[in-house]
Amino acid sequence: MAADYPDIDIAPFIDHTLLITTATSAHVEQWCEQADRFGFAAVCIYPTYVRLAKELLHGKKPQVCTVIGFPTGATTSATKLYEALEATENGATELDVVLNLGWLKAGKTDEVHREIAEICEETGQTVKVILETSLLTDAEKRLAAELAMEAGAAFLKTSTGWNGGATVEDIRLLKELARDRIGIKASGGIRTSEQALDLILAGATRLGTSRSIELIQGLDKLEKKE
């Protein structure tokens, strides 16, 4: 590894993500095969493909992750809960739930907390709350993180990737707030191995990216710079 970076295997950090709107079952099969081959933490796919991913990854280490209320977080709480319960029934073990930013900015903290708490309690699965940090002030990031943690979230996640992406500064802030109580997922705009390593060193315990293979291959190039 290049002198500036420690020797880190980033594969176990990666949620191999397939959230393009034109994703097909053939893409899902490819993503699941790659997740198993490279040892990624999970595949992250749309709810419509959860059952397929569960079948393809049966008996294998990668988890099946899906998104709830994606990408705006503005669907009703009842809709989000139904979506989360259906995804769980179909085999998802990790749920990336988009926080309702309109409620957060309007000061409806009870509603924000209740929505996340219900999903955590009713599904019993690993819930990663997507804060969409690029659209929040630092004060709002702190508030959103505290509400998510109090509601039972297992991870704080930076972004959907639709409105900007993860930054080292945001990961450091979330690490400070989490105090190692829950995980931190950096997602959105992670295009290089250097970015991935910087985010991990800043405190990320998961990386959401569709460029997983490129990041792994990029590590080899960094090693050659030694």
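Helices, taken as DSSP runs of H or I of at least four residues, and strands, taken as runs of E of at least two, are numbered here from the N terminus. On this numbering, Gly 73 of the predicted model lies in the loop that runs between strand 3 and helix 3. Gly 73 counts as buried because its relative accessibility is 0%, the limit for burial being under 20%. Outside the residues up to four places away in sequence, Gly 73 touches Lys 80, Val 98, Leu 99 and Asn 100. The C-alpha atoms of Gly 73 and Leu 101 are 7.0 Å apart, although 28 residues separate the two in sequence. The loop between strand 3 (63–68) and helix 3 (77–90) also holds Pro 71. A cis peptide bond, with omega of about 0°, links Phe 70 to Pro 71.

In soluble globular proteins, nonpolar side chains tend to be buried together. In the present model, the largest nonpolar core comprises 68 residues, and the members that touch the most others are Ile 10, Leu 95 and Leu 131. Helix 6 (residues 138–151) supplies the largest share of this core, with six residues. When residues up to four places away in sequence are set aside, the contacts of Ile 10 are Ala 196, Leu 197, Ile 200, Leu 215, Ile 216 and Leu 219. A second core, separate from the largest, is made up of nine residues, including Leu 19, Cys 65, Val 67 and Ile 130.

Two of the residues contacted by Ile 10, Ala 196 and Leu 197, are among the buried residues of helix 8, as are Ser 193, Leu 199, Ile 200 and Ala 202. Helix 8 (residues 193–202) packs against helix 7 at an angle of about 20°, and the two axes are 8 Å apart. Helix 7 and helix 8 are therefore roughly parallel to each other, since angles under 35 degrees fall in that class. Their crossing is right-handed. On the side of helix 7, the contact is formed by Val 168, Ile 171, Arg 172 and Lys 175, which meet Asp 198, Leu 199 and Ala 202 of helix 8. Four of the residues in this contact are nonpolar and three are charged, with no polar residue present. Just after helix 8, Gly 203 adopts a positive phi of about 135°.

Positive phi values also occur in residues other than glycine. Glu 132, in the loop between strand 5 (126–130) and helix 6, has a phi of about 55°. Arg 179 has a phi near 50° and occupies the loop between helix 7 (168–178) and strand 7 (183–187). The surroundings of these two residues can be set side by side. Glu 132 is classed as buried because its relative accessible area is 2%, whereas Arg 179 is classed as exposed because its relative accessibility is 55%, the threshold for exposure being over 50%.

Strand 7 contains Ser 187. With a relative accessible area of 7%, Ser 187 is buried. Apart from neighbours within four places in sequence, Ser 187 is in contact with Lys 157, Thr 158, Ser 159, Gly 165, Ala 166 and Gly 208.

Technical notes. Residues are numbered from 1 along each chain as its sequence is written. This is a predicted model: local features need pLDDT of at least 70, side-chain atom pairs count only at pLDDT 80 or more; totals for chains, interfaces and linings use all residues. Side-chain values use heavy atoms; hydrogens and water are left out. A nonpolar core is a set of buried Ala, Val, Leu, Ile, Met, Phe, Trp, Tyr and Cys residues joined through side-chain atoms within 4.5 Å. Buried means under 20% relative accessible area, exposed over 50%, partly exposed in between (1.4 Å probe, protein chains only). Contact means heavy atoms within 4.5 Å. Axes are lines fitted to C-alpha atoms, for helices over the stretch in contact, and angles run from 0 to 180 degrees between N-to-C directions. Angles under 35 degrees count as roughly parallel, over 145 as roughly antiparallel, 65 to 115 as roughly perpendicular and the rest as oblique. A crossing is left-handed if the near helix is turned anticlockwise from the far one by less than a right angle, and right-handed if clockwise. Ala, Val, Leu, Ile, Met, Phe, Trp, Tyr, Cys and Pro count as nonpolar, Asp, Glu, Lys and Arg as charged, and the others, Gly among them, as polar.
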